[in-house]
Amino acid sequence: MTNFFDALETRTLAEREAALMAALPRQIAHAQAHSTAMAEILAGVDAASITTRAALARLPVTRKGELLARQQASRAAGKDAFGGFAAIRYGAAMPRLYASPGPIYEPEGTARDYWRAARAMFAAGFRAGDLAHNAFSYHMTPGAFIMESGAHAVGCTVFPAGTGQTEQQLQAIAELRPQAYIGTPSFLRILVEKAQEAGSDISSIKKGLVGGEAFPPSLRDWFTERGIDVYQSYATADVGLIAYETAAREGLVLDENVIVEIVRPGTGDVVAEGEVGEVVVTVLNPDYPLVRFGAGDLSAVLAGPCPTGRTNTRIKGWLGRADQTTKIRGMFVHPGQVAEIVKRFPEIARARLVVSGEMANDSMKLLVESAGAPSLSERVAEVVRDVTKLRGDVEVVAPGSLPNDGKVIEDARSYK
């Protein structure tokens with residue numbers, strides 16, 4: 001039995017990069033031709049010239065807030081519900097569409113394993129002939145369908161349990177004897193605890209693939225102690241699978257059909273390997289061709305390949321949210337404004353805006369990493385006022401002293 005879903009997972013780094021960079025200009029040209037929103041966002045871009053990561057990094061990042069705003073404006077005008085981002089239309093080419101909070105509407109095309117979740121399923125131990133208990137919601141959102149399509153592609157049968165109705169779910173598990181669980185980790189814990197209380201036998205479940213929530217090692221170990229090997233996946237309704245956990249339990253391996261960058265929050269600037277930043281994804285999906293889509297999540301690239309033999313890049317997993325917009329004395333301050341301040345001073349390596357005090361009586365201080373001149377703090381303070389329209393202190397700190405957690409704005413105020 002093979003240990004890999006397909007041969008793509010063990011390509012050399014050069015082979016994978018060559019394939020991705022060959023597909024990239026085709027995808028950009030397709031997006032410009034078939035997605036009116038991406039045509040506007042990428043106006044003036046010569047698709048044929050985008051053949052390297054450096055060239056890709058010069059394109060604008062489209063974040064979820066902009067996608068939502070474009071959809072809302074389009075719907076208000078009685079036009080396309082997808083805001084011009086979808087390259088397919090209602091009918092046979094789009095068997096389903098979904099709603100995520102906002103609402104943001106996402107299309108589903110006809111490709112087998114459309115969301116590419118099968119790779120994560122296989123790495124979690126799902127195999128043909130397994131029965132998978134799917135406890136993701138089947139109501140409006142795509143989570144259940146993302147996982148169901150992946151399970152079908154592996155060869156599993158799926159029981160569409162959905163959410164809630166714990167007693168009925170326990171009965172179904174006891175009677176159907178599924179080998180696998182799909183859903184959030186918190187609901188699996190509820191099922192295990194309720195089964196213990198009720199004396200229900202759900203011991204057939206030996207493996208699981210979870211998502212939609214943080215999955216700390218302590219909870220993973222809790223399941224392991226109870227005989228269930230649970231792995232995490234990282235997917236979004238916009239781009240499908242981004243990365244998945246393997247038996248090595250060392251970070252998440254990137255999917256083979258996405259190009260992932262880690263950028264400084266509020267910017268499109270790629271950060272160094274190991275530095276925490278925002279996940280930006282270019283997905284090679286012709287139906288919903290998002291180019292440099294800001295997922296809004298924080299992560300970081302891990303050095304080296306996965307010990308399982310998969311050669312793709314690894315990331316640390318979900319490390320928080322990148323949108324750190326904060327209201328200070330009645331004014332919103334965005335990570336992009338902090339980035340704008342830093343760009344005016346080449347001697348600044350990194351910066352972190354710390355908001356402290358109490359609500360309605362708060363203050364802000366910009367910490368900047370630099371070995372610059374003593375006058376730097378005064379000069380930066382002037383730019384802080386210019387950019388944010390607020391007064392704040394500036395403190396110069398030693399290079400490398402700020403935490404590597406992706407935070408550009410830290411809200412340390414008391415809300416008591």
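In this predicted model, the bridge partner of R63 in β13 is G294. That pair belongs to a short parallel match between β1 (residues 62-63) and β13, made over 2 bridges. Strand β13 itself covers residues 293-299, and burial here runs right through the strand, with 7 of its 7 residues buried. Strand β13 also pairs with β12 (residues 277-283), this time in the antiparallel sense and over 4 bridges. Within that pairing, G277 sits opposite S299 of β13.

The strand ladder carries on from β12 to β11, the two being antiparallel and joined by 6 bridges. One of the matched pairs is V258 with V283, the latter in β12. Strand β11 (residues 258-263) is mostly covered too, as 6 of its 6 residues are buried. What happens to the two sets of side chains that point opposite ways from β11, are they buried or exposed? V258, V260 and I262 point one way while I259, E261 and V263 point the other way, and all are buried. The charged-looking entry in that list, E261, is thus buried along with its hydrophobic companions.The turn of chain between β12 and β13 is the place of R292. Although R292 is not a glycine, its phi is positive, at about 55°. R292 counts as buried, with a relative accessibility of 0%. For context, most residues other than glycine have a negative phi, and most peptide bonds are trans. D113 is another non-glycine residue with a positive phi, near 55°. D113 lies in the loop between β3 and α5 (118-123), and at 14% relative accessibility it counts as buried. On the peptide-bond side, the link from G102 to P103 is cis, with omega near -5°. P103 is found in the loop between β2 (96-100) and β3 (104-108).

Elsewhere in the chain there is an open sheet of 9 strands with mixed pairing, in the order β5-β4-β6-β7-β8-β9-β10-β15-β14. Its edges are β5 (157-160) and β14 (301-302); each has a single partner strand, so one side of each is left without a neighbour in the sheet. In general, strands of a sheet pair through backbone hydrogen bonds, either parallel or antiparallel. Within this sheet, β9 (residues 240-245) and β10 (residues 252-254) take the antiparallel option, over 3 bridges. A243 stands opposite L254 of β10.

The loop between β9 and β10 holds T246. How buried or exposed is T246? With a relative accessible area of 2%, T246 is buried. Setting aside neighbours within four places in sequence, T246 is in contact with Y231, V253, C306, T308 and R310.

Helix α8 (residues 185-198) lies across three strands of the open sheet, namely β6 (180-183), β7 (207-210) and β8 (229-236). Relative to β6, α8 runs at about 130°. The length of α8 is as expected: at 1.5 Å a residue its 14 residues should span 20 Å, and the end C-alpha atoms are indeed 20 Å apart. The buried residues of α8 are P185, F187, L188, L191, V192 and A195. Seen down the helix axis, the buried residues of α8 fall within an arc of 165°, so they line one face of the helix. What does that set of buried residues in α8 pack against? The partners are β6, β7 and β8, together with the helices α7 (166-176) and α9 (217-225). Just after α8, G199 takes a positive phi of about 75°.

Zooming out, the protein chain contains 11 helices and 21 strands. The radius of gyration is 23 Å, close to the 22 Å that the globule rule gives for 416 residues, so the chain is as compact as a globular protein of that length. Along the principal axes, the C-alpha trace spans about 70 × 50 × 45 Å. Buried residues make up 52% of the 416 residues. Of the contacts with a separation of 6 or more, 63% are between residues 24 or more positions apart.

Terms used: Residues are numbered from 1 along each chain as its sequence is written. This is a predicted model: local features need pLDDT of at least 70, side-chain atom pairs count only at pLDDT 80 or more; totals for chains, interfaces and linings use all residues. Side-chain values use heavy atoms; hydrogens and water are left out. Two strands pair if DSSP finds at least two bridges between them. Contact means heavy atoms within 4.5 Å. Axes are lines fitted to C-alpha atoms, for helices over the stretch in contact, and angles run from 0 to 180 degrees between N-to-C directions. The expected span of a helix is 1.5 Å times one less than its number of residues. Buried means under 20% relative accessible area, exposed over 50%, partly exposed in between (1.4 Å probe, protein chains only). The arc is that of the directions from the helix axis to the C-beta atoms. The radius of gyration is taken over C-alpha atoms; the globule rule is 2.2 Å times the number of residues to the power 0.38.
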